[in-house]
Amino acid sequence: MKRNRSYYIILVLILFVVTYSAYAAYQKQKNGPVFLDNHVFQRYNDQWGLWVDLNMEKKSLLEKAAEFGVLANEVMEINHLTEAELKRLKRSIFFPYSAEYMRNLQEKELFRETIESPIDQFIWPVLPNNKSRISSRIGRRWNTWHTGLDIAIPKNSIVLAAADGVVEEAGRGGDYGLYVKLYHHDMNHFHTVYGHNQELLVKPGDVVKKGQIIAFSGNTGKSTGPHVHFEVRFHNVYLNPENFLTPYEEGVATNLVGFAD
């Protein structure tokens, strides 16, 4: 009996340690900083790099890959590019950074923004700046029901994922123009939608992180000017996005880029 009791006490202690460790890890994740992609540091497939329009750059893939210190084959592979598509390329492609290029950025003291965001809260889908504003809210508008929040912002601005999730839809969708729909399993199965983009940087099935760039803003679809149409849905019911967001003006801190993040 004493031996069985000892085993029971040991088992309880092990369960306590495991439970406490899991809780501590959750709390750390819940209250940890969220890194926001910007015009220097961007993420795709868990790699740091940059989305580049080679037509705008007027450079070849080989030249741009050499600039970032990576092989052209690496770029082709991460973007699922074929030689035939490369010859008629009409979209931005992702260039990962080499470790040396990352170190050079650190030496130049370039930064990426971070914000404190609980794991169960959305972040704003645009970077805080003085060029954006809320142009329309959810509710009745022009004798119809406006289903989300409009954030006026210059064309080709960065559009961010409001939370961790999976890309459920990405393409052209009527009045939405070029849009992305994300599914957030860890946030009570909510969906978020990002409409009227100029270019989409993700495809269905992609796993995205909170603060990751997913598109460049635009004026596609039924739109009267460049903006991001942002929706929060629960079982296809349209909810007020502002109920899930901090005030837009809340502070943004900066952190040096780190290799482990």
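Select Asn236 to start: this residue sits in the loop between S16 and strand S17 (237-239). Strands here are DSSP runs of E with at least two residues, helices are runs of H or I with at least four residues, and both are numbered from the N terminus. The model is predicted, so local features need pLDDT of at least 70, side-chain atom pairs count only at pLDDT 80 or more, and totals for chains, interfaces and linings use all residues. Residue numbers start from 1 along each chain as its sequence is written, and side-chain values use heavy atoms, with hydrogens and water left out.

**Two positive phi angles**

Stay on Asn236. Its phi is positive, about 65 degrees, although the residue is not a glycine. Most residues other than glycine have a negative phi. Asn236 is exposed, with a relative accessible area of 52%. The classes are buried (under 20% relative accessible area), exposed (over 50%) and partly exposed (in between), with a 1.4 Å probe and protein chains only.

Now jump to Lys58. It lies in the loop between helix H2 (54-57) and helix H3 (61-68). Phi is positive here too, near 60 degrees. Lys58 is exposed, at 72% relative accessible area.

**The whole chain**

Zoom out and colour by secondary structure. The protein has six helices and 18 strands. Of its 261 residues, 43% are buried. Show the surface: the accessible area is about 15,100 Å², and carbon and sulfur atoms hold 54% of it. These areas come from the Shrake-Rupley method with a 1.4 Å probe; for residues, only the protein chains shown count as cover.

Next, look at contacts (heavy atoms within 4.5 Å). Among contacts with a separation of 6 or more, 66% join residues 24 or more positions apart.

Colour by pLDDT, the predictor's confidence in each residue, from 0 to 100. The mean is 85, and 82% of residues reach 70 or more. Select residues 12-29: pLDDT is below 50, and this stretch has two contacts in the model beyond near neighbours in sequence. Then select residues 250-261. Here pLDDT is also below 50, but the stretch has 32 contacts in the model beyond near neighbours in sequence.

**The second largest pocket**

Which residues are closest to the centre of the second largest pocket? First, its volume: about 540 Å³. A pocket is found on a 1 Å grid over the protein atoms alone, as an open set of points where a 1.4 Å probe fits, with protein on both sides within 12 Å along at least five of seven lines; lining residues have an atom within 4 Å of a point. Grid points are joined across faces, edges and corners, and the volume is the space filled by probe spheres set on the points.

Select Arg141, His146, Asp150, His196 and Lys222: of the 21 lining residues, these are the closest to the centre. Add strands S6 (133-136), S8 (144-146), S9 (149-152) and S16 (227-234), which each give two or more residues to the lining. By class, the lining has five nonpolar, eleven polar and five charged residues. Nonpolar covers Ala, Val, Leu, Ile, Met, Phe, Trp, Tyr, Cys and Pro; charged covers Asp, Glu, Lys and Arg; the others, Gly among them, are polar.

**The loop between S11 and S12**

Go to Asp175, in the loop between strand S11 (165-172) and strand S12 (178-184). Not counting residues up to four places away in sequence, Asp175 touches His196, Thr220, Gly221 and Lys222. Two of these names, His196 and Lys222, are among the residues closest to the pocket centre. Draw a distance from Asp175 to Gly195: C-alpha to C-alpha, it is 8.6 Å, across 20 residues in sequence.

Select Tyr176, also in the loop between S11 and S12. Tyr176 is partly exposed, at 21% relative accessible area. Beyond four places in sequence, its contacts include Thr147, Val193, His229, Glu231, Arg233 and Tyr238. The C-alpha atoms of Tyr176 and Val193 are 9.4 Å apart, with their positions 17 residues apart in sequence.

**Two last stops**

Asn156 is in the loop between S9 and strand S10 (158-160). Is Asn156 buried, partly exposed or exposed? It is partly exposed, at 42% relative accessibility. Its contacts beyond four places in sequence are Gln198, Phe216 and Ser217. From Asn156 to Gln198 the C-alpha separation is 6.5 Å, at 42 residues apart along the chain.

Finish at Phe244, in the loop between S17 and strand S18 (253-256). Phe244 is partly exposed, at 23% relative accessibility. Show its contacts beyond four places in sequence: Gln121, Phe122, Phe190, Val232 and Leu239. Gln121 is 123 residues away along the chain, yet the two C-alpha atoms are separated by 6.3 Å.
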